[in-house]
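Hi everyone, thanks for making time this morning. Let me put the model up on the screen, and then we can walk through it together.

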Amino acid sequence: AVILAIETSCDETSVAVVRGGKHILSNVISSQIEVHKQFGGVVPEIASRKHVEVITLMIEQAIEESGLTLKDMSAVAVTQGPGLVGALLVGIVAAKSLAMALDLPFIGTHHIAGHIYANQLVHELEYPCMALVVSGGHTELVLLESEGNFRMIGRTRDDAVGEAYDKVARALKFPYPGGPHIDKLASESETVIELPRAWLEPGSYDFSFSGLKSAVLAVINQTNMKGETLDAGALARGFQESVTEVLVEKALRAVRAFDAKQLLLCGGVAANRGLRAALAARCDKEGVPLLVPPHKLCTDNAAMIGAAAFLKWQQGEFTSLDMKAEPNFSLEGWAKPSVS
Ligand code: ATP
Ligand code: MG
Ligand code: FE
């Protein structure tokens, strides 16, 4: 099956052509980062408008680069949610129009299932496996008992990791998105300011990053009030070490508790050097295979949506054309019902 996939949940307009949920024939991405940078974050109305401006061109380019024609497509898939409702709608309307005009099956797809199945585009998955999803809006531990069968075992109770990175970066006057700046600063610093770790109740797989973020802001304010110069590198390193230690510890504990055969790292924050290095070292020590997609497949892209949509294709489960955008779409709700 050749799936034409569209992703417009946030600030990337992306269209891909994916064969068999594994082979990327094309994956074009138009990022709006430069537009949103001047506002310090994604502005929803602007995001929708920019998607409208480029979506047709992206579809044309994805088809052209794939070397195929619209007639060769087996289905049209689109991100149904979660995401910004106005942004999602642009992709959904485009995908529905194509499905209707070409008389093709239509597949509403979960964005986080996409981030997780990005791994399938480059690796062989073995079940059960554990996914650590770290992105701009999500921080979750998801158990995949079998293909397409998602079980959320832990999630953030407040900020997502990427969000915390962006807020800390903003306080240190870095442009949006700030994650990569904090990563660089942290990796290069030889000094460190120790910050608290939020372990929560014993045994919990949940996360919390808002206390850590407040601790960072408190250090900045106190330094300013005393008229001292801030060691921004030490602060960035302290923040990154706190985030990383909790993520690594909980992810490995989850792998052991659920006998996962692999640990999958997914989402935009998977680009973080500190996190990758710490996870790789720990997985190596414990003999756990760690899968990480290449950078381009970690951040938002439509190829990952094509990979996740293939799960539904295989089940022969298609979506009605009156499907609505789901800004708060639940991953477990999208998963196939477990067979008992
Ligand atoms: P979601 O997938 O939850 O809807 P999103 O799609 O906006 O959110 P992604 O595109 O997956 O999120 O990731 C973007 C986030 O990743 C931003 O918060 C950005 O700061 C963060 N990020 C990117 N590179 C790094 C890095 N090297 N270190 C830390 N954070 C990073
Ligand atoms: Mg993005
Ligand atoms: Fe995303």
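So, at roughly what angle do the axes of H5 and helix H7 cross? They cross at roughly 5° and come within 10 Å of each other; the axes are lines fitted to C-alpha atoms, for helices over the stretch in contact, with angles running from 0 to 180 degrees between N-to-C directions. Before I go on, the ground rules: this is a predicted model, where local features need pLDDT of at least 70 and side-chain atom pairs count only at pLDDT 80 or more, while totals for chains, interfaces and linings use all residues. Residues are numbered from 1 along each chain as its sequence is written, and chains are lettered from A and ligands numbered from 1 in the order in which they are written.

Back to our pair. H5 and H7 are roughly parallel, because angles under 35 degrees count that way. On the H5 side we have Ala 164, Lys 167, Val 168 and Ala 171, meeting Leu 212, Lys 213, Val 216, Leu 217 and Ile 220 in H7. By class, that contact has seven nonpolar, no polar and two charged residues. Here Ala, Val, Leu, Ile, Met, Phe, Trp, Tyr, Cys and Pro count as nonpolar, Asp, Glu, Lys and Arg as charged, and the others, Gly among them, as polar. Helices, by the way, are DSSP runs of H or I with at least four residues, and strands are E runs of at least two, numbered from the N terminus.

Staying in H5, which spans residues 161-171, we find Asp 166. Is Asp 166 buried or exposed? It is buried, with 23 other C-beta atoms within 10 Å; the cut-offs are 20 or more for buried, 12 or fewer for exposed, and partly exposed in between, with C-beta atoms placed from the backbone. Beyond four places in sequence, Asp 166 touches Tyr 176, Pro 177, Gly 178 and Gly 179, a contact being C-beta atoms within 7 Å.

Asp 166 also appears in a UniProt "binding site" annotation from an unreviewed entry, together with residues including Gly 136, Gly 179 and Asn 272. Such annotations may be inferred rather than shown by experiment. Gly 136 sits in the loop between strand E6 (129-134) and strand E7 (139-146), and with 22 C-beta neighbours inside 10 Å, it counts as buried.

A second "binding site" feature, again from the unreviewed UniProt entry, is placed at His 111, His 115 and Asp 300. They span 190 residues in sequence, yet no two of their C-alpha atoms are more than 8.8 Å apart, so they gather at one spot. Helix H4 (residues 111-117) holds His 111 and also His 115. His 111 is buried, with 27 C-beta neighbours inside 10 Å, and His 115 is buried too, with 31. Among the contacts of His 115 are Val 133 and Ser 135, both of which are in the other annotation.

Finally, the core. The largest nonpolar core has 107 residues, with Met 130 and Ala 251 among those with the most contacts inside it; a core means buried Ala, Val, Leu, Ile, Met, Phe, Trp, Tyr and Cys residues joined through C-beta atoms within 7 Å. Its largest share, 12 residues, comes from helix H8 (residues 232-257). Met 130 touches Ala 251, Ala 254 and Val 255, among others.

Conventions. Contact = placed C-beta atoms within 7 Å. Parallel < 35°, antiparallel > 145°, perpendicular 65-115°, else oblique.
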